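Visitor: I'm new to this structure and would love a close look at one part of it. Could you walk me through the place where its two domains meet?

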Amino acid sequence: MIDKNVVKSLVDEWLEGKEYFLVDIQISSDDRIVVEIDHADGVWIEDCVELSKYIEDRLSRDEEDYELEVGSAGLGQPFKVPQQYQNFIGKEVEVLGKDGKKVKGVLKSVDGNDFVVAVNEKVQVEGKKRPVKMDVDHAYKMDEVKYTKYIISFK
């Protein structure tokens, strides 16, 4: 089986000096390698092809046969690395907490492992008879949510 650390070091070499970042590497038991990269402005197919060729030129098919797929992280997929959170500040996201509660709101800030989502919800305000809709900040830790993902909007 192909060593994941070998593939990671090859990807890291290719990424050096570029604005792309590594999201994930998966290697199945039948040597199917899937590399996901991302960029603040999206991923170009030409760059995926270039990275794929870079990896293929450095892995020997004579030693071990493999299947290689290089692509983007996918717009509607859950975030896997902190840089993805950074890229979507100011955008609408969906968060599923460990408690099973799902919220939708605007990703307001990211600080290390912590992030804040502003959720528009009804709040009882003192002196008012009816609840008022306002943005309420919800704080989370990346490793304490089931997922966070960008909400694609066609408005």
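Guide: Happily! Let me begin with a term we will need: a salt bridge here is a side-chain nitrogen of Lys or Arg within 4 Å of a carboxyl oxygen of Asp or Glu. Please keep in mind that this is a predicted model.

Now for the two parts themselves. Domain 1 takes in residues 4–72, and domain 2 takes in residues 79–150. Their centres, taken over C-alpha atoms, are 32 Å apart. Where they meet, nine residues of domain 1 are in contact with five residues of domain 2. Together the two domains bury about 500 Å² between them, with 56% of that area on carbon and sulfur atoms.

Let's look at the charged pairs in this meeting place. Side chains of opposite charge can pair when their charged atoms come close. Between domain 1 and domain 2 there are two salt bridges, while the overall count by this rule is ten. In one salt bridge, the side chain of Glu-36 meets that of Lys-80, at 3.0 Å from N to O. Lys-80 also has a salt bridge with Asp-24, where the N to O distance is 3.3 Å. Asp-24 sits in strand E1, whereas Lys-80 sits in the loop between strand E3 (67–72) and helix H3 (82–87), so this pair ties together parts that are 56 residues apart in sequence.

Polar contacts can be counted here too: the rule finds two residue pairs across the interface of domain 1 and domain 2, both at pLDDT 80 or more. On the domain 1 side, strand E1 (21–27) and strand E2 (32–38) each supply at least two of the residues that touch domain 2. E1 gives the largest share of that side, with five residues. By type, the residues on the side of domain 1 that touches domain 2 are four nonpolar, two polar and three charged.

Finally, here is what the UniProt record adds. An unreviewed entry places "domain: Ribosome maturation factor RimP N-terminal" at residues 11–75. Over residues 11–75 the model has 29% helix and 31% strand, and the C-alpha atoms at the two ends are 21 Å apart. The annotation "domain: Ribosome maturation factor RimP C-terminal", again from an unreviewed UniProt entry, covers residues 80–122. Residues 80–122 are 14% helix and 58% strand, with 31 Å between the end C-alpha atoms.

Notes: Residues numbered from 1 in each chain as written. Predicted model: local features only at pLDDT ≥ 70, side-chain atom pairs only at ≥ 80, totals over all residues. Heavy atoms only, no water. Domains from an automatic or database assignment. Contact = heavy atoms within 4.5 Å. Buried area = accessible area lost by both parts, 1.4 Å probe. Polar contact = N/O pair within 3.5 Å; in protein donor to acceptor, adjacent residues only side chain to side chain. Helix = DSSP H or I, 4+ residues; strand = E, 2+ residues; numbered from the N terminus. Nonpolar A, V, L, I, M, F, W, Y, C, P; charged D, E, K, R; others polar. UniProt positions renumbered as here; feature names shortened; annotations may be inferred.
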